[in-house]
Amino acid sequence: MNKDKDKNGKIMYSWAKDLYPMCRSITGDGVRKTLAYFNKLLPDLKIESVPTGTKAFDWVVPNEWNVRSAYIKDQSGRKIVDFKKNNLHVVGYSEPVNKLVDFSELNNHLHSLPDQPNAIPYVTSYYSKNWGFCISHNQRKLLKKKKYQVVIDSDLKKGNLNYGEIIIKGDEDKEILLSTYICHPSLANDNLSGPIVTASLIKWIQKLKKRRYTYRVIFIPETIGSIVYLSRYLNHLKKNIIAGFVVTCVGDNNTYSFLPSRKENTLTDRVAKNVLNHNVDSYKVYSFLDRGSDERQYCSPGIDLPICSIMRSKYNAYPEYHTSLDNLNFISPTGLQGSYDILKKCIKLINANFIFKTKVLCEPQLSKYNLYPKISSKINYKNGKKLQNFLAYCDGTNDLVNISEKINEDAFDLIKLTQELLKLNLIKKL
Ligand code: ZN
């Protein structure tokens with residue numbers, strides 16, 4: 001079992017290595033290459049195109065951005081900053097530029113982090129025209145007050161926003177949504193870990209012999225992608241989604257984090273907290289006020305989808321976030337696998353969550369059914385108590401997750417217990 005987990009973690013990490021060098025943004029060739037890579041892993045993934053100019057609520061799909069090269073040359077003709085060495089060097093959505101500038105003009109277009117002098121920051125300017133370069137603060141300090149040739153060979157033209165979608169049918173029309181984004185360039189925890197763990201989860205879901213719920217999984221550019229998707233399928237999603245996760249920041253080995261939905265008490269919230277409570281030593285609980293990804297759209301008023309996030313180091317809350325330090329060394333096979341395991345448990349629990357009702361009045365005489373140990377001892381008392389407590393809340397109003405929380409017992413132990421109780425005809429599934 002552990003060998004399998006080890007292997008799966010390493011496979012996911014190898015996908016990260018393949019995908020890491022691609023220059024992604026909210027649109028463009030990098031997104032298409034990334035989707036094509038996932039399409040090879042997941043042949044059922046459908047790749048959709050939404051043209052520039054398409055309206056989505058208050059937003060419009062922007063021009064497509066592509067960049068071929070970007071560099072700064074000093075007066076001796078030496079490239080001192082080169083996009084080919086690290087794609088974080090160019091500000092995302094930079095308009096084309098090719099000119100000789102003096103230091104003060106260049107300086108206005110440079111981004112660096114004085115507090116993290118070795119790190120290259122990740123900066124974008126999707127919706128206001130600009131150009132710029134990101135460099136380490138140490139390098140910036142070495143720049144001389146001379147002239148520099150700045151070149152960004154990019155274009156911003158009518159094109160498409162692309163996203164990937166895969167729907168895996170279950171017995172019921174009700175759906176579980178997994179949403180992940182594919183718009184960051186060479187950055188590992190935020191965001192490559194998200195689509196990678198999602199892809200591995202899809203492979204597991206596809207192999208299941210029986211599926212209760214239907215799965216809807218989307219690989220979108222963050223923000224504009226979820227807004228476009230919601231604008232296309234809002235009624236369907238509102239009617240069918242019973243639970244879901246934004247899968248992001250799931251690659252490192254640090255403490256787990258939980259970000260609730262706006263309503264805080266949806267099925268997803270309850271399941272996520274339950275699985276974390278019973279499976280990890282500790283985790284950080286954030287508030288919806290700390291949101292920062294597509295739950296901003298999914299949980300907004302009038303949309304109201306039950307979407308949460310379980311993360312490792314949460315975006316905006318670790319020093320390496322949105323810098324060149326969030327690289328392949330920051331994530332690990334075990335980090336990816338740990339997140340995969342926790343999300344898989346959440347999905348399993350959502351599927352196993354039913355409301356039960358006892359079929360007898362008063363406590364059943366458990367010893368009659370070989371359920372309650374016939375010999376009374378302290379240990380047996382504890383096991384018997386679990387069963388009695390479970391039955392005490394099987395009143396036709398509490399679902400399994402509720403009961404698990406109420407009686408502080410692992411939900412997966414209770415699932416096993418319900419299977420026995422159903423066989424003995426002591427409870428019924430509502
Ligand atoms: Zn990000």
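Strands, as the word is used here, are DSSP runs of E with at least two residues, numbered from the N terminus. That matters for F57, which sits in a loop flanked by two short ones, β2 (55–56) and β3 (59–60). The model is a predicted one, and in it F57 shows a positive phi of about 50 degrees, even though the residue is not a glycine.

Zooming out, the protein chain holds 12 helices and 19 strands. Lined up along the principal axes, its C-alpha atoms fit a box of roughly 90 × 45 × 35 Å. Of the 430 residues in the chain, 56% are buried. Among contacts with a separation of 6 or more, 81% link residues 24 or more positions apart. As for the outside, the accessible surface adds up to about 19900 Å², and carbon and sulfur atoms own 48% of that. Charges come as 64 positive and 42 negative side chains, with the centres of the two sets 3 Å apart.

Next comes the metal site. Three protein atoms serve as donors to the zinc ion, namely NE2 of H184, OD of D190 and NE2 of H322, and they lie 2.1 Å from the ion. Read along the chain, these donors follow the spacing H-x5-D-x131-H. D190 belongs to helix α5 (residues 188–207), while H322 is in the loop between β16 (307–311) and α9 (333–352), so this pair ties together parts of the chain that are 132 residues apart in sequence. Both D190 and H322 are buried.

One of those donors, D190, also turns up on the contact list of T248. T248 is part of the loop that runs from β13 (241–246) to β14 (256–259). Its relative accessibility is 0%, and because buried means under 20%, T248 counts as buried. The side chain of T248 makes a polar contact of 2.6 Å with the side chain of Y181. Setting aside neighbours within four places in sequence, T248 touches Y181 and D190, along with S193, G194, S309, I310, M311 and Y315.

The loop between β13 and β14 is also home to C249. Like T248, C249 is listed at 0% relative accessibility, so it counts as buried too. The backbone of C249 has a positive phi of about 55 degrees, although C249 is not a glycine. A positive phi also appeared at F57, in the loop between β2 and β3.

Methods:
Residues numbered from 1 in each chain as written. Predicted model: local features only at pLDDT ≥ 70, side-chain atom pairs only at ≥ 80, totals over all residues. Heavy atoms only, no water. Helix = DSSP H or I, 4+ residues; strand = E, 2+ residues; numbered from the N terminus. Buried < 20%, exposed > 50% of the residue type's maximum accessible area, 1.4 Å probe, protein only. Contact = heavy atoms within 4.5 Å. Areas by Shrake-Rupley, 256 points an atom, 1.4 Å probe, with all protein chains shown as cover. Lys, Arg positive; Asp, Glu negative; His and termini not counted. Charge placed at Lys NZ, Arg CZ, Asp CG, Glu CD. Polar contact = N/O pair within 3.5 Å; in protein donor to acceptor, adjacent residues only side chain to side chain. Donors = N, O, S within 2.8 Å, 3.2 Å for Na, K, Ca; no water.
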